[in-house]
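Below is a short briefing on one protein chain, arranged by topic. It is meant to be read beside the sequence and the structure.

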Amino acid sequence: MWNAVTRAVSPSVGRCELSYIPREPIDVAQARTQHRDYLRVLQSVGCDVQTLPEQNDLPDSVFVEDVAIVLDEVAVLTRPGAPSRRPEVASVADLLCHHRPLLVIEAPATLDGGDVLRMGRTLHVGQSARSNPDGIAQLRELLIPYGYAVEGVLTRGCLHLKSAVTALSDDCVLLQPAWVDRERFANFRVIEVDPAEPHAANVLRVGDALIMPTSFPRTRQRLLDAGFRVTAVDVSELQKAEGAVTCCSLVFRSDP
Ligand code: CIR
């Protein structure tokens, strides 16, 4: 029912882009072990996982979420805001073209998939250091024929919109109020991250299953108390590259 496109961890992941966290050494072997655990969790919640080979010279290429937005009808190839990440797009496109017709974001627009949160037929798109107003406008134009609304959302103090807010269900979000205005999501039920876990808002939803890092037990407890089914996975080495759980896969319906 679900496909998950992923890519193995690059040996050069230690040279990744970093914006809001200090650089620390990354243990590549450990990152790979954790990534394999993540792939197993994706399988356990019903995903057919496809994994592209590692890309030696593309440090951030494990974070496939940023290079495409996959909807039921179509996939949009992005133009990532970090120039170092633009060469990641082509190989993901080669795989996605077997699943969806492809549309393309073009210069001067920039857009990272990590800034795109789909809630039903609306795409909330973070206006961030990575995704510019041209990117949001192009996405809006490209998706009009498919009946999607695209709404820009200002973020502050975080890399992507999905660092600040992700979907828990069709009508509920997990949100970090320091990084995005809670009022923008007033139409949804909102659960806030535990104040002691500022980076906990990034949760990956696959159907009614949720995947989140083990490093946020307090926020996880909030989700369990609210009745959600949550699987935790240790992604501590990938977190040192400013990644989390949504960014390591492109999850989409295999039977749209
Ligand atoms: C970057 O700065 O682009 C990477 N080091 C981390 C990207 C994480 N992507 C995501 O959360 N969607």
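The points below cover sheets, helices, salt bridges and a few single residues of this predicted model. The structure includes an open sheet of three strands in the order β3-β4-β5, and a search of the whole structure finds 15 salt bridges. Among the single residues is D115, which is buried yet has no salt bridge.

**The three-stranded sheet and its helices**

- Pairing in the open sheet β3-β4-β5 is mixed. Its edge strands are β3 (68-70) and β5, each of which pairs on one side only. From one strand to the next, the twist averages 20°.
- Strand β4 (residues 75-77) pairs with β3 in the antiparallel sense, over three bridges. Within this part of the sheet, V70 stands opposite A75 of β4.
- Helix α2 (residues 89-96) lies across β3, β4 and β5, and runs at about 160° to β4.
- Helix α3 (residues 133-143) also packs on the sheet, where it touches β3, β4 and β5. The direction of α3 makes about 145° with that of β5.

**The β1-β15 pair**

- Strand β1 (residues 2-7) pairs with β15 in the antiparallel sense, over four bridges. The bridge partner of V5 in β15 is L250.
- Side chains alternate along β15. L250 and F252 point to one face and are buried, whereas V251 and R253 point to the other face and are not buried.

**Salt bridges**

- Side chains of opposite charge can pair when their charged atoms come close.
- E54 and R32 meet through their side chains in a salt bridge, at 3.1 Å from N to O. This pair links distant parts of the chain, 22 residues apart: E54 is in the loop between β2 (47-52) and β3, and R32 is in helix α1 (residues 28-44). Both residues are partly exposed, E54 at 34% relative accessibility and R32 at 24%.
- R229 and D208 form a salt bridge between their side chains, at 3.2 Å from N to O. R229 belongs to strand β14 (residues 229-233) and D208 to the loop between β12 (204-206) and β13 (209-213), so this salt bridge ties together parts that are 21 residues apart in sequence. R229 is partly exposed, with a relative accessible area of 48%, whereas D208 is exposed at 57%.
- K240 forms a salt bridge with E237, and their closest N and O atoms are 2.9 Å apart. E237 is buried, with a relative accessible area of 8%.
- A network of salt bridges links D66, R85 and E88.

**D115, a buried charge**

- D115 is in the loop between β5 (102-104) and β6 (116-119).
- Which side chain of opposite charge is nearest to D115? It is that of R130, at 7.4 Å. A salt bridge requires a nitrogen-to-oxygen distance within 4 Å, and D115 has no salt bridge.
- The side chain of D115 does make a polar contact with the side chain of S128, at 2.6 Å.
- Leaving aside residues up to four places away in sequence, D115 touches H124, V125, G126, S128, R130, S131, L159, H160 and L161.

**Backbone features in loops**

- A107 and P108 are joined by a cis peptide bond, with omega of about 10°. P108 is in the loop between β5 and β6, and D115 is also placed in the loop between these strands.
- E242 has a positive phi, near 65°, and is a residue other than glycine. E242 is found in the loop between α6 (236-239) and β15 (250-253). Its relative accessible area is 18%; the limit for buried is under 20%, so E242 counts as buried.

**F216, a buried loop residue**

- F216 lies in the loop between β13 and α5 (217-225). F216 is buried, with a relative accessible area of 9%.
- What does F216 touch, not counting residues up to four places away in sequence? The contacts are E197, H199, A200 and Q239.
- F216 and D48 are 168 residues apart along the chain, and their C-alpha atoms are separated by 27 Å.

Technical notes: Residues numbered from 1 in each chain as written. Predicted model: local features only at pLDDT ≥ 70, side-chain atom pairs only at ≥ 80, totals over all residues. Heavy atoms only, no water. Helix = DSSP H or I, 4+ residues; strand = E, 2+ residues; numbered from the N terminus. Buried < 20%, exposed > 50% of the residue type's maximum accessible area, 1.4 Å probe, protein only. Lys, Arg positive; Asp, Glu negative; His and termini not counted. Polar contact = N/O pair within 3.5 Å; in protein donor to acceptor, adjacent residues only side chain to side chain. Contact = heavy atoms within 4.5 Å. Pairing = 2+ DSSP bridges. Axes fitted to C-alpha atoms, helices over the stretch in contact; angles between N-to-C directions.
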